[in-house]
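Colleague: Please take one part of this model and describe it closely for a first-year student. I would like to see how that part fits into its surroundings.

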Amino acid sequence: MPKHTSKPAQHSSQPAIALRQHGGWREAMETYGEAVSMAEAGEGDLARDILGHFHAEHRKILVLAESDGVPLSMATYSVNLAERLGFDLVLLSVGSTARKAGDFAAQAGRGAECLFEEAARRGVPCAHILRQGHRDEMLNAVSMELRRVEFVITRRPAAERRQAALMVPEFSFKC
């Protein structure tokens with residue numbers, strides 16, 4: 001899995017739906033099984049290395065940016081929460097497929113500035129993902145692609161949130 005940086009990523013051609021789910025119980029059991037097999041074969045150092053990489057993955061909060069970016073109050077709240085919980089932040093900007101990728105990337109970068117500034121001030125690791133497509137499909141796809149997304153923070157009304165059927169819990173921030 002490619003490492004995400006705190007700089008806005010360029011849009012890449014990604015499928016709207018991930019075909020393989022990352023993380024979860026299945027991968028945990030496979031990882032533990034592999035580590036136990038190595039330990040039984042006398043490869044204790046390798047077993048510890050396997051488990052270390054698996055558990056080193058940080059838990060994440062996914063923050064959905066609307067077309068106008070992330071309001072300062074939502075950025076502050078998200079960074080404070082990530083700092084208290086010891087989680088990383090991942091900002092997801094979703095644009096319509098009708099928009100030019102360059103225009104979308106520039107606007108998304110401007111809309112992310114207050115979140116990145118607050119995260120840098122507090123020392124909270126933060127990444128930015130740009131996707132184009134349907135918002136709920138992108139939320140689900142990114143939640144599956146990234147490991148250990150614990151929940152999503154959005155500004156969506158409760159009625160819209162109930163219809164989304166996301167795979168991770170979603171909390172609405174009222175600005």
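Modeller: Helix 3, residues 72-85, has 14 residues, and the model in which it appears is a predicted one. From its first C-alpha to its last, helix 3 reaches 20 Å, close to the 20 Å expected at 1.5 Å a residue. After helix 3 comes Gly 86, which has a positive phi, near 75°.

Consider next which residues of the helix are hidden. Met 74, Ala 75, Ser 78, Val 79, Leu 81 and Ala 82 of helix 3 are buried. These residues lie on the same side of helix 3, because they cover an arc of only 160° around the axis. A general rule helps in reading such a list: an α-helix has 3.6 residues a turn, so residues three or four places apart point the same way. Leu 72 and Arg 84, on the other side of helix 3, are exposed.

What covers the buried residues? Strand 1, strand 2, helix 4 and strand 4 (149-154) are included in the cover over helix 3. One residue that touches the buried side is Leu 115: leaving aside its neighbours within four places in sequence, Leu 115 is in contact with Ala 75, Ser 78 and Val 79, among others, and also with Leu 89, Leu 91 and Cys 126.

The strands on either side of the helix in the chain belong to the picture as well. Strand 1 (residues 60-65) pairs with strand 2 in the parallel sense, over 6 bridges. The chain passes from strand 1 through helix 3 to strand 2, and this β-α-β crossover is right-handed. Within this pairing, Val 63 stands opposite Leu 91 of strand 2. Strand 2 (residues 88-95) has 7 of its 8 residues buried, so strand 2 is largely enclosed by the rest of the structure.

Strand 2 also pairs with strand 3 (residues 126-132), in the parallel sense and over 7 bridges. Here the bridge partner of Leu 89 is Cys 126 in strand 3. From strand 2 the chain crosses through helix 4 (residues 101-122) to strand 3, and this β-α-β crossover is right-handed.

Finally, the nonpolar core brings these elements together. The largest nonpolar core has 22 residues, and those with the most contacts inside it are Ile 61, Leu 89, Leu 91, Leu 115 and Ile 153. Helix 3 is one of the elements that give two or more residues to this core, along with strand 1, strand 2, helix 4 and strand 4. Apart from this core lies another, of 12 residues, including Leu 64, Ile 129, Leu 146 and Val 149.

Methods
Residues numbered from 1 in each chain as written. Predicted model: local features only at pLDDT ≥ 70, side-chain atom pairs only at ≥ 80, totals over all residues. Heavy atoms only, no water. Buried < 20%, exposed > 50% of the residue type's maximum accessible area, 1.4 Å probe, protein only. Helix = DSSP H or I, 4+ residues; strand = E, 2+ residues; numbered from the N terminus. Pairing = 2+ DSSP bridges. Right-handed = clockwise from strand over helix to strand, strands pointing away. Expected span 1.5 Å × (residues − 1). Arc of directions from axis to C-beta. Contact = heavy atoms within 4.5 Å. Core = buried A, V, L, I, M, F, W, Y, C linked by side-chain atoms within 4.5 Å.
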